[in-house]
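Here is a set of short exercises to work through with the coordinates open. Try each task on your own before reading its solution.

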Amino acid sequence: MAQSTSHLALPRRGFLIGASGLMLAGQAAVAAPRAWREHHRPKGDGASPTDWSQLAKALRNGQLLRPDDPDFHAIVQPNNLRYDDVLPQGVARCGSAADVAAAIAWAREHHVPLVTRGGGHSYAGYSTTRGLMLETSLMSRAAYDPARGVLRVGAGARNRDLYRLLGQHGRAMTHGRCPSVGAAGFLLGGGIGFNMRAHGLGGDQVLGSEIVLSDARLRRASPKAQDKLDRDLHWASQGGGGGNFGVTTSFDLQTFDVRGQRVTVFDLKWARDPDTPCKVPVERLGAQLMAALDAAPPSLGSRVSFEAVKAAELDNGFDVNISVLGQYAGPRAELDAILAPVVALCPPNAGRGIQEFHYWPAQAFLHEDGDTTWYQERSAFVTRAFGEDDLGAALQYLRAKPPVSGYCDLRFFQTGGAVNTPGARDTAFVHRDSRWLMVVGLYWDQNDQEDARRMARAHAWQDAFYARMRPLAGGGAYQNFTDPSLADYRQAYYGLNLERLADIKRHADPADLFRFPQSI
């Protein structure tokens with residue numbers, strides 16, 4: 001394949017292009033607010049009204065929003081309200097790669113820090129800034145090629161855009177459950193979903209992409225590109241995370257056929273209250289559930305959650321609830337057989353039950369709206385069987401929920417299967433030996449947020465819980481669930497692929513223009 005390289009039209013000082021390369025909403029992250037805000041504090045005197053007017057004129061396919069504009073606050077509000085007080089001076093709604101180039105060149109000239117936003121779901125606030133926000137949702141055009149089964153999608157697309165088009169053609173890919181998540185951040189960090197055990201990660205389905213680097217060139221990244229850097233950029237796009245190399249403007253994605261496919265979806269809960277008939281210990285029931293799911297064929301994908309309870313609730317006869325959500329690409333009878341050992345111990349007594357649908361109606365059953373709230377998550381990959389003793393270690397924390405109003409839990413996303421088919425070095429996503437992705441989750445509300453002492457206790461609980469569980473998991477951390485507390489975050493996210501990623505970074509972005517608190 002010939003190298004695809006073209007110059008973009010730039011305004012005046014048109015020597016610069018690039019981006020904080022899709023640090024999008026779908027890049028799940030938790031950043032240290034102080035470090036991030038210091039990094040994005042405006043420098044010097046900033047830009048004048050005349051300068052902002054020049055940027056508005058340079059956005060030929062988009063528009064500039066300032067704080068007084070009607071849509072400004074709706075656009076800038078992040079999904080994680082922990083960062084909703086960080087407001088940009090302006091929002092460049094970019095409709096093309098040329099718009100992105102113009103915005104970045106302008107920010108460089110006027111010393112205004114910038115970030116890129118897709119869906120706004122960045123756990124870390126990586127899509128918030130006190131400078132210039134590059135908002136990419138206008139670059140959401142998608143087209144399907146039925147001859148090849150390939151979907152080409154703009155980097156600003158959100159999950160809902162993909163669902164709509166794929167559903168029309170009876171196709172699917174590995175996708176998440178929240179319609180408003182930015183597709184690019186999801187893909188660049190790996191991309192987990194209920195299809196991954198059968199079909200691999202979302203990032204594994206990337207066939208090629210277009211990315212603009214800091215040398216003002218639009219490059220076509222693919223595994224068979226003539227130029228080595230283009231081949232390297234493709235490799236890095238499959239799990240190297242957003243924000244490191246440039247701005248990806250489109251993706252080509254391999255899809256698979258789901259026409260006529262029946263999917264059994266399930267939402268089951270074992271609620272432990274004073275009236276529950278289940279006398280099986282929580283750790284025994286949870287271990288049996290995870291073992292049954294772990295032994296299931298790759299056509300099953302699931303998420304298991306153990307819900308924390310307060311000590312006072314324990315005194316009143318409540319205990320840790322267990323819930324499981326997921327899908328099985330097959331008839332209900334086969335799913336019932338998989339779950340039979342668990343049901344024999346204790347039948348579920350809550351949840352929406354088990355239903356059988358065609359593929360896309362089944363996704364409506366599973367979807368999550370992703371409402372705005374306050375949260376932080378810490379992750380690790382589980383590389384071995386997780387048994388009663390492991391869950392027993394978790395119960396001392398799950399039975400001592402911190403004094404916050406939100407949901408706190410120990411959560412497991414089921415991996416394995418096709419996730420582990422590629423070798424660790426085949427793509428930038430290095431975590432190819434896991435069975436589960438474990439998360440210690442902490443959610444809170446505005447009243448909690450305003451109580452510094454309460455939040456200090458909550459974060460101390462989460463940190464101690466994570467420190468206890470991480471060694472039991474086996475290794476690593478998910479780069480889309482960025483964790484600022486990890487001193488070894490580069491190694492945890494990228495492992496033995498870090499050295500190659502750093503080398504690609506040096507070639508693609510020699511001036512390190514695209515950096516953030518946990519960049520490569």
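The exercises below concern a predicted model, and each one comes with a worked solution.

**Exercise 1. Find where His 111 lies, and decide whether this residue is buried or exposed.**

Step 1: Place the residue. His 111 belongs to the loop that runs between helix 4 (97-110) and strand 4 (114-117).

Step 2: Check the backbone. The phi of His 111 is near 55°, a positive value in a residue other than glycine. For context, most residues other than glycine have a negative phi.

Step 3: Classify the accessibility. The cut-off for exposed is over 50% relative accessible area. His 111 has 56% relative accessibility, so this residue counts as exposed.

**Exercise 2. Describe the sheet that contains strand 4, and work out which strands lie at its edges.**

Step 1: Write down the strand order. The sheet is open and has 4 strands in the order 2-3-5-4, with mixed pairing.

Step 2: Look for strands that pair on one side only. These are strand 2 (63-65) and strand 4, the edge strands.

Step 3: Add the twist. On average, neighbouring strands in this sheet are turned by 25° against each other, direction ignored.

Step 4: Follow one pairing. Strand 4 pairs with strand 5 (residues 132-135) in the parallel sense, over 4 bridges. Val 115 has Met 133 of strand 5 as its bridge partner, and Arg 117 stands opposite Glu 135.

Step 5: Sort the side chains of strand 4. Leu 114 and Thr 116 point one way, while Val 115 and Arg 117 point the other way; all are buried.

**Exercise 3. Characterise two helix packings: helix 2 with helix 4, and helix 8 with helix 17.**

Step 1: Start with helix 2 (residues 49-58) and helix 4. Their axes are 9 Å apart, and the packing angle is about 165°. That angle makes helix 2 roughly antiparallel to helix 4.

Step 2: Give the handedness. Helix 2 and helix 4 cross in a right-handed way.

Step 3: Turn to helix 8 (residues 228-237) and helix 17 (residues 498-508). Here the axes come within 10 Å and cross at roughly 130°. That makes helix 8 oblique to helix 17.

Step 4: Give the handedness again. The crossing of helix 8 and helix 17 is left-handed.

**Exercise 4. Which rings have the charged end of Arg 66 and Arg 500 over them?**

Step 1: Take Arg 66. Its charged end sits over the ring of Trp 52, at 4.3 Å from the ring centre.

Step 2: Take Arg 500. This residue lies over the face of Trp 235, at 4.0 Å from the ring centre.

**Exercise 5. Determine how enclosed strand 18 is, and identify its partners.**

Step 1: Count the buried residues. In strand 18, 7 of the 7 residues are buried, so the strand is largely enclosed by the rest of the structure.

Step 2: Separate the two faces. Cys 408, Leu 410, Phe 412 and Gln 414 are on one side, with Asp 409, Arg 411 and Phe 413 on the other, and both faces are covered.

Step 3: Examine the pairing with strand 14 (residues 300-307). The two strands run antiparallel and are joined by 5 bridges. Phe 306 has Leu 410 as its bridge partner.

Step 4: Examine the pairing with strand 19 (residues 436-444). This one is antiparallel too, over 7 bridges, and Cys 408 stands opposite Leu 442.

**Exercise 6. Analyse the aromatic contacts, and say how many pairs the whole structure holds.**

Step 1: Take the total. A search of the whole structure gives 20 aromatic pairs.

Step 2: Classify Phe 357 and Phe 365. Their ring centres are 6.2 Å apart and their planes meet at 40°, so the pair is tilted. Phe 357 is partly exposed at 23% relative accessible area, whereas Phe 365 is buried at 8%.

Step 3: Classify Phe 386 and Phe 412. This pair is tilted, with 5.2 Å centre to centre and 55° between the planes. Phe 386 lies in the loop between strand 17 (374-382) and helix 13 (388-398) and Phe 412 in strand 18, so the pair ties together parts that are 26 residues apart in sequence. Both Phe 386 and Phe 412 are buried.

Step 4: Look for a cluster. One aromatic cluster is formed by Tyr 123, Tyr 375, Phe 381, Phe 413, Phe 429, Tyr 443, Tyr 478 and Phe 481.

Terms used: Residues are numbered from 1 along each chain as its sequence is written. This is a predicted model: local features need pLDDT of at least 70, side-chain atom pairs count only at pLDDT 80 or more; totals for chains, interfaces and linings use all residues. Side-chain values use heavy atoms; hydrogens and water are left out. Buried means under 20% relative accessible area, exposed over 50%, partly exposed in between (1.4 Å probe, protein chains only). Two strands pair if DSSP finds at least two bridges between them. Rings of Phe, Tyr and Trp (its six-membered ring) pair if their centres lie within 6.5 Å; planes under 30 degrees apart count as stacked, over 60 as edge-to-face and the rest as tilted. A charge sits over a ring if NZ of Lys or CZ of Arg is within 6 Å of the ring centre and within 35 degrees of the ring normal. Axes are lines fitted to C-alpha atoms, for helices over the stretch in contact, and angles run from 0 to 180 degrees between N-to-C directions. Angles under 35 degrees count as roughly parallel, over 145 as roughly antiparallel, 65 to 115 as roughly perpendicular and the rest as oblique. A crossing is left-handed if the near helix is turned anticlockwise from the far one by less than a right angle, and right-handed if clockwise.
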